[in-house]
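Below are my notes on the model you sent, set out as numbered points. They start at the ligand and then move to the domains and some local features.

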Amino acid sequence: MNKCSIAITGAAGNIAYSLIFRILSGSIFMPDTKIDLRLLDIPDAKKILHGVKLEIEDCAFNSLDTITVTDKPDVAFTDCDYILLVGAKPRSKGMQRSDLILDNAHIFCDQGKIINKVSKKSVKIIVVGNPANTNALIVCSNTPDIPNENISSLMRLDQNRAKSILSSKVGQHVSCVTKLVVWGNHSTTQYPDISHAQINNSNNFLDTIDEHWIHDDFIPRVQKRGAEIIEHRGLSSAASAASAVYDHFNVLVNGSDDWESMGILTSNNYSITSNLFYSLPLKISKNSFDIIESIEVSEKMRTYLSATEKELIDERDTVKEFL
Ligand code: NAX
């Protein structure tokens, strides 16, 4: 029997309520792998977390070995193989974005320090809690003993949204859409990049799509999809976010034939400022990734890349005391 320890923070929250069950019933790991699951939330969420535990037990998952619910990060993170940092404070009424960034910076700084002390040095960390890219930078800065490439931030929700919207436009199944990546920040400045996308392994479809649709419809729709969901549901995306975290996690463990988007630490790639968590196009094989370096950047595309880069630099300035 193989064992795998997975910690999920924000485990009493909305995303976790879908995510935990996807992971335990899914196929990321070999059938003989048993999961040692640690669920972390704040003390105020203790009762809810206990209810989540009871529901997990009621599923009688074959994949589950042990389950620990706790409000102590060191208990959750000790000797972990994977950590999914979902927990974060939501934006409350009248709160400025910069206040939210600072509030959450404390959480990710403290958790990073604890992870560095108690987790395996090979631990893989996926940052979901917003602002995900900048929180990933904070975690990375506070985990000096963990390789930078073990930390990534979630952009897969944006990538999935972009693929789905394009597939509807061209009238093809979403699985036919490949090489569609999203650059930059998980925010309204992100750049969903259709320029190298393929439908059924061909980019001929681009001849049938007009530029106005790309710039005035497709890109803003993907950028603002989160707000569109809130407008209809009255709640933020949780099931689709959980599904995207599952996809991201799966690709990290098992690799992917397609191009993928994840926030990773930049090192002057595509002339983007170093030391940001910026989503780049990646080829991911089991347990490692390579940046796809061959994409030609047009003037128009550079404008998009720079806008989202500037936002990430501003966020980094806001949290500089945590880096
Ligand atoms: P919820 O507010 O439902 O749940 C958040 C949970 O985190 C709560 O149970 C809360 O008690 C817990 N929490 C707060 N501080 C904590 C701490 N210090 N340690 C452990 N747990 C803590 O939010 P939910 O809808 O689950 O979203 C979670 C985060 O994901 C939010 O920051 C949200 O903005 C972010 N998202 C990121 C996405 C991405 O693509 N990167 C997409 C979906 C989502 O918007």
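**Notes on the predicted model**

1. In the ligand site, an N or O atom in the side chain of Asp41 sits 2.5 Å from an oxygen atom of the ligand. The coordinates come from a predicted model, and this distance should be read as such.

2. Two further distances involve oxygen atoms of the ligand. The side chain of Asn130 places an N or O atom 2.8 Å from a ligand oxygen. For Ala88 the atom in question is a backbone N or O, and the distance to a ligand oxygen is 3.5 Å. The ligand has 21 residues around it. Those that come nearest are Asn14, Ile15, Asp41, Val128 and Asn130.

3. Asn130 also takes part in a backbone feature: the peptide bond from Asn130 to Pro131 is cis, with omega near -5°. Pro131 belongs to the loop between S5 and H5.

4. The chain is assigned two domains, domain 1 covering 2–153 and domain 2 covering 156–322. Their contact involves 38 residues of domain 1 and 34 residues of domain 2. Taken over C-alpha atoms, the centres of the two domains are 23 Å apart.

5. How much area is buried between domain 1 and domain 2? The value is about 3,100 Å², and carbon and sulfur atoms give 68% of that. On the side of domain 1, Ile28, Asn133 and Leu137 together supply 21% of the area buried against domain 2, more than any other three residues.

6. Polar pairing across this interface is a separate matter. The rule finds eleven residue pairs in polar contact between domain 1 and domain 2, both residues of each pair being at pLDDT 80 or more. Salt bridges between the two domains number zero.

7. Several elements of domain 1 give two or more residues to the side that touches domain 2. The helices are H1 (14–25), H4 (97–118) and H5 (132–141). The strands are S4 (82–85), S5 (124–127) and S6 (151–154). By residue type, this side of domain 1 divides into 20 nonpolar, 14 polar and four charged residues.

8. The count of salt bridges comes to 13. One pair to look at is Asp103 with Lys89, where the closest N and O atoms are 3.7 Å apart. Asp103 is in helix H4 and Lys89 is in the loop between S4 and H4, so this salt bridge ties together parts that are 14 residues apart in sequence.

9. A last backbone point concerns Ser271. This residue is not a glycine, yet its phi is positive, at about 60°. Where does Ser271 lie? Its place is the loop between strand S11 (259–265) and strand S12 (277–285).

How values were computed. Residues numbered from 1 in each chain as written. Predicted model: local features only at pLDDT ≥ 70, side-chain atom pairs only at ≥ 80, totals over all residues. Heavy atoms only, no water. Domains from an automatic or database assignment. Contact = heavy atoms within 4.5 Å. Buried area = accessible area lost by both parts, 1.4 Å probe. Salt bridge = Lys/Arg side-chain N within 4 Å of Asp/Glu carboxyl O. Polar contact = N/O pair within 3.5 Å; in protein donor to acceptor, adjacent residues only side chain to side chain. Helix = DSSP H or I, 4+ residues; strand = E, 2+ residues; numbered from the N terminus. Nonpolar A, V, L, I, M, F, W, Y, C, P; charged D, E, K, R; others polar. Near = heavy atom within 4 Å.
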